[in-house]
Amino acid sequence: MRTLYHLPLSPYCRKIRLVLGEKRLPFEAIVERVWEERPEFHAMNPAGEVPVLVEDNGLVVPDSSVICEYLEEAYSDTPLLGRTLAERVEVRRLVAWFDQSFARDVSRRFIGERVMKRISGRGNPDGTVLREGYAAMKPYMKYINFLAENRNWLAGNFLSLADFTAAAHLSSLDFIGDIDWSKAPAVRDWYARMKSRPCFRPLLGDRVSGITPPDYYANLDF
């Protein structure tokens with residue numbers, strides 16, 4: 001069985017779970033507590049980070065961006081990068097924007113403080129870091145709302161890896177109740193469409209010890 005080593009609220013792991021689901025590729029998900037620095041896991045990925053995908057034939061594929069490129073090449077029946085060069089550029093631009101800029105300024109602050117500190121026993125959230133995250137989130141959500149208002153999907157007229165990357169980050173933040181959807185109605189409508197896809201169902205069923213998601217988290221229509 002194809003195996004994915006992951007953490008439930010990691011946006012990068014969620015992205016891979018969504019892509020595997022969208023491509024209808026069955027897999028077993030194994031939670032890897034990276035802070036325990038398990039030698040067997042480090043042997044697979046010396047970086048000691050999730051996600052890591054292990055194929056049926058033993059091929060080990062680390063890092064979310066590498067995994068996505070691999071899945072596009074190996075399982076091309078459901079393409080998620082677009083068909084033209086211009087489409088692929090726009091998809092990759094948005095994926096990088098979410099995985100690098102949005103993650104640095106927003107996701108890592110909230111996930112790090114509210115989730116990773118709790119589950120790894122490193123104390124309470126730092127209020128200053130959270131306030132910085134809220135301030136940084138506003139212009140990002142404004143831009144995502146602009147994209148959702150003016151395009152059928154975030155990268156254009158087609159569902160793409162950009163949508164799954166964005167949904168992975170936003171769903172992690174939604175789980176811990178850190179998104180005010182009333183401030184971004186177009187993003188909310190787009191996200192409702194993403195939540196309705198079959199590949200999203202396992203994410204909506206996630207539960208993390210000590211963290212209770214908002215009542216609307218698993219509601220397809222908020």
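The following dialogue examines how several descriptions of this predicted model are justified.

Student: How is the protein divided into domains?

Tutor: There are two parts, domain 1 (3-74) and domain 2 (85-205). Their C-alpha centres lie 20 Å apart.

Student: How many residues of domain 1 and of domain 2 are in contact?

Tutor: On the side of domain 1, 16 residues take part, and they meet 27 residues of domain 2. The criterion for each such contact is heavy atoms within 4.5 Å.

Student: What makes Arg17 count as buried?

Tutor: The relative accessibility of Arg17 is 7%, and buried means under 20%. Arg17 therefore counts as buried. The residue belongs to helix H1. Beyond its neighbours within four places in sequence, Arg17 is in contact with Leu4, His6, Pro8, Phe27, Pro202, Leu203 and Asp206.

Student: Where does helix H1 lie with respect to the strands?

Tutor: Helix H1 (residues 11-22) lies across strand S1 (3-6) and S3, and runs at about 155° to S1. Helix H3 (residues 64-74) lies across S3 and S4, at about 125° to S4.

Student: In what order do the strands form the sheet, and which of them stand at the edges?

Tutor: Four strands make an open sheet in the order S2-S1-S3-S4, with mixed pairing. Strand S2 (28-31) and strand S4 (60-62) are the edge strands, because each has a single partner strand and so keeps one side without a neighbour in the sheet. From one strand to the next, the twist averages 20°.

Student: How do you know that S3 and S4 pair?

Tutor: Two strands pair if there are at least two bridges between them. Strand S3 (residues 52-54) and S4 have three bridges, so the condition is met. The sense of this pairing is antiparallel. The bridge partner of Val52 in S4 is Pro62.

Student: What is the peptide bond from Val50 to Pro51, cis or trans?

Tutor: This bond is cis, with omega near 5°. Pro51 is found in the loop between helix H2 (39-44) and S3.

Student: Why is Glu37 called exposed, whereas Asp63 is called partly exposed?

Tutor: Glu37 has a relative accessible area of 56%, and exposed means over 50%; Glu37 is therefore exposed. Asp63 has a relative accessible area of 36%, which lies between the cut-offs of 20% and 50%, so Asp63 is partly exposed.

Student: What is the phi of Glu37, and what is that of Asp63?

Tutor: Glu37 has a positive phi of about 50° although it is not a glycine; this residue is in the loop between S2 and H2. Asp63, also not a glycine, has a positive phi of about 75° and is found in the loop between S4 and H3.

Student: Which residues of the largest nonpolar core touch the most other members?

Tutor: Leu154 and Trp190 do, in a core of 74 residues. Helix H4 (residues 85-119) gives the most to this core, with eleven residues. At least three residues of the core come from each of domain 1 (3-74) and domain 2 (85-205). In soluble globular proteins, nonpolar side chains tend to be buried together.

Student: What does Leu154 touch?

Tutor: Not counting residues up to four places away in sequence, Leu154 touches Leu94, Phe98, Ile144, Leu147, Ala148, Ala162, Asp163, Ala166 and Trp190. Trp190 is one of the buried residues of helix H7 (residues 185-195), which also include Ala186, Val187 and Tyr191. The buried residues of H7 pack against H5, helix H6 (161-175) and helix H8 (201-204).

Student: What makes the approach of Tyr134 to Asp178 a polar contact?

Tutor: The side chains of Tyr134 and Asp178 make this contact at 2.4 Å, and the cut-off for a pair of N or O atoms is within 3.5 Å. The pair therefore satisfies the distance limit. Tyr134 is found in helix H5 (residues 127-150). Not counting residues up to four places away in sequence, Tyr134 touches Phe110, Arg114 and Asp178.

Student: Why is Tyr134 called partly exposed?

Tutor: Tyr134 has a relative accessible area of 36%. This value falls between 20% and 50%, so Tyr134 is neither buried nor exposed but partly exposed.

Methods:
Residues numbered from 1 in each chain as written. Predicted model: local features only at pLDDT ≥ 70, side-chain atom pairs only at ≥ 80, totals over all residues. Heavy atoms only, no water. Core = buried A, V, L, I, M, F, W, Y, C linked by side-chain atoms within 4.5 Å. Buried < 20%, exposed > 50% of the residue type's maximum accessible area, 1.4 Å probe, protein only. Helix = DSSP H or I, 4+ residues; strand = E, 2+ residues; numbered from the N terminus. Domains from an automatic or database assignment. Polar contact = N/O pair within 3.5 Å; in protein donor to acceptor, adjacent residues only side chain to side chain. Axes fitted to C-alpha atoms, helices over the stretch in contact; angles between N-to-C directions.
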